Amino acid sequence: MTQRRPSGTTLAVALLALVFALFFLFPFAGLVWRAMDDPRAREALGDPAVGTALRLSLVTTAVSVTLSLLFGTPVAYLLARCRIPGGAVLDALLDLPIVLPPTVAGVALLTAFGRRGLLGEPIEALTGFSLPFTALAVIVAQTFVAAPLYVRAARAGFEAVDPELEAIARTLGASRAHVFRRITVPLARGPLLAGAVLCWARALGELGATLIFAGNLAGRTQTLPLAVVAAFEGGPLGLPGAVALSLVLLAVALVLLMTLRIVAKRGLA
Amino acid sequence: MSARPLVALLIAAAFLAGCGGAPPSSSEVTGEVIVSAASSLTEAFADATRAFERQYPGTKVTLNFASSSTLATQINEGAPADVFASADEAQVKTVQPDRLATAPEVFARNRLVVAKPAGSTAIMVYGDLAKPGLRLVLAADVVPVGAYALQSIEAADRSGVFGADFRGRVLANVRSREANVRSALAKVELGEADGAIVYQTDVGASLKVEAIPIPDAYNVSATYLIVPLKGGTNPTAGLAFVAFIREAEGQTSLTKRGFTMPSR
């Protein structure tokens, strides 16, 4: 075929892409515009309540991501390399929190770890400790909904690493742990990082499961997304506060994404 | 131009004039009408809606339940509601005045109780709310039942009956501030919370919770207001619905669920 002026298809694709880009641009532009336009939103940014929610969000998500990496990495490697009994079931179980509405996850967590839950009741009877309404419950809710994203990405990353390389290193006398640390992880670095950032972002945005499982108390379980809802529903911060809190969330998410880009580039160089 | 706004205006005028003006004739009242109502009205308004749709065939009432504060925010952000039924006056006042078709009117009253899981002994009397280590759940400050609960706790604090800093000790037990009265009640039904301050009408429907009465001296009279809205899609039916709630059949739906009538 010969080269001609842009075809109808090209124009249609360009138009669709433009509409799509604008669709994502406008809501963020709207947030920034509202914040610039409304002096109360700028004031709300300095409100101690915003700092409290931000701190709680950062601390809980940091722990959630750490737990996800700690427990998720071995699982992802197993799923990628071994035919383990029940592997398919585990695989499906890990997909469930991704497709389930978070509110369902919250109810499910209560039935397991709540004061009348399968595990929660005996644990409280033995130790007097109950999980709901604690910052730990926030972490559990975040890990439950976010860790599967990391495991999926990590599994795909491990699968892309040639097993031959690992085998060769083993024949040269390297231990399994050594091979994993020095060969597998560096080679799967990109997907692992991407998975961790996705996991972090999902944990940061967690709302439904947290509300149901951990409740909503400023300073204890009220993370940034919960604070946005509370402000929007007429809390002391009001709508300007909801805009301010949303901006803070947006900024944190942007920093996360930029960090990923920078780290990924360095990793390649 | 449709004659609808004029009709609505005439009806509104008839209502404002009071004297039990005739409700809109059923031929004018038709189509979907959106009613935004406080969560505590869930059952009573569901009953009233069925009766309303019987009286005005061809109407379809869409009920939108949430905390009154959430509903007020939605209305101010342009939600196409035709009626707002709020559990307190403060939230009606936050609605932009140009959305109100008439002056809001009181249509029901309610009382507070402490809800606890059935069989639980953690709370036996109102004063137990200050027991150290208790897991208490309240609605958020701006949610009417949360505001009423604070009034009650403050009245008890002022009375001095329950010892020093009753308010502080109770608030230290609060584990969550819920978005509406029903999610506070749900935490008690699930057994996660030892207690929650809710309306007496909320407890009736559930076998899983029991009510501990709050003495009159520390109770409040929750005042429900209803107002037809402008800027919705069906102002005529909105006016008719408000009139219906304030008349015999609407009031019966409310008293059956434990609400009391405003003294007129």
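**Close-ups of two loops and a contact**

**View 1. A loop in chain B, with Asp165(B) at the centre.** Asp165(B) is found in the loop that links helix 5 (144–159) to helix 6 (166–172) of chain B. Keep in mind that everything shown here comes from a predicted model. The backbone does something a bit unusual at this spot: phi of Asp165(B) is near 50°, a positive value, and the residue isn't a glycine. For background, most residues other than glycine have a negative phi. Is Asp165(B) buried or exposed? With 12 other C-beta atoms within 10 Å, Asp165(B) counts as exposed, because the cut-off for that label is 12 or fewer.

**View 2. Phe133(A), in a loop of chain A.** Now hop over to chain A, where Phe133(A) sits in the loop between helix 6 (120–127) and helix 7 (135–159). Here's another positive phi in a residue other than glycine: for Phe133(A) the angle is near 70°. As for its surroundings, Phe133(A) has 25 other C-beta atoms within 10 Å, so this residue is buried.

**View 3. Where chain B touches chain A.** How many residues does each chain bring to the contact? Chain B puts in 17 residues and chain A puts in 15 residues. On the chain B side, helix 3 (68–76) and strand 7 (174–178) each supply at least two residues. Strand 7 of chain B gives the most to that side, with 5 residues. As for the chemistry, the residues on the side of chain B that touches chain A split into 6 nonpolar, 6 polar and 5 charged.

Technical notes:
Residues are numbered from 1 along each chain as its sequence is written. Chains are lettered from A and ligands numbered from 1 in the order in which they are written. This is a predicted model: local features need pLDDT of at least 70, side-chain atom pairs count only at pLDDT 80 or more; totals for chains, interfaces and linings use all residues. Helices (H or I, at least four residues) and strands (E, at least two) are DSSP runs, numbered from the N terminus. A residue is buried if 20 or more other C-beta atoms lie within 10 Å of its own, exposed if 12 or fewer, and partly exposed in between; C-beta atoms are placed from the backbone. Two residues are in contact if their C-beta atoms, placed from the backbone, lie within 7 Å. Ala, Val, Leu, Ile, Met, Phe, Trp, Tyr, Cys and Pro count as nonpolar, Asp, Glu, Lys and Arg as charged, and the others, Gly among them, as polar.
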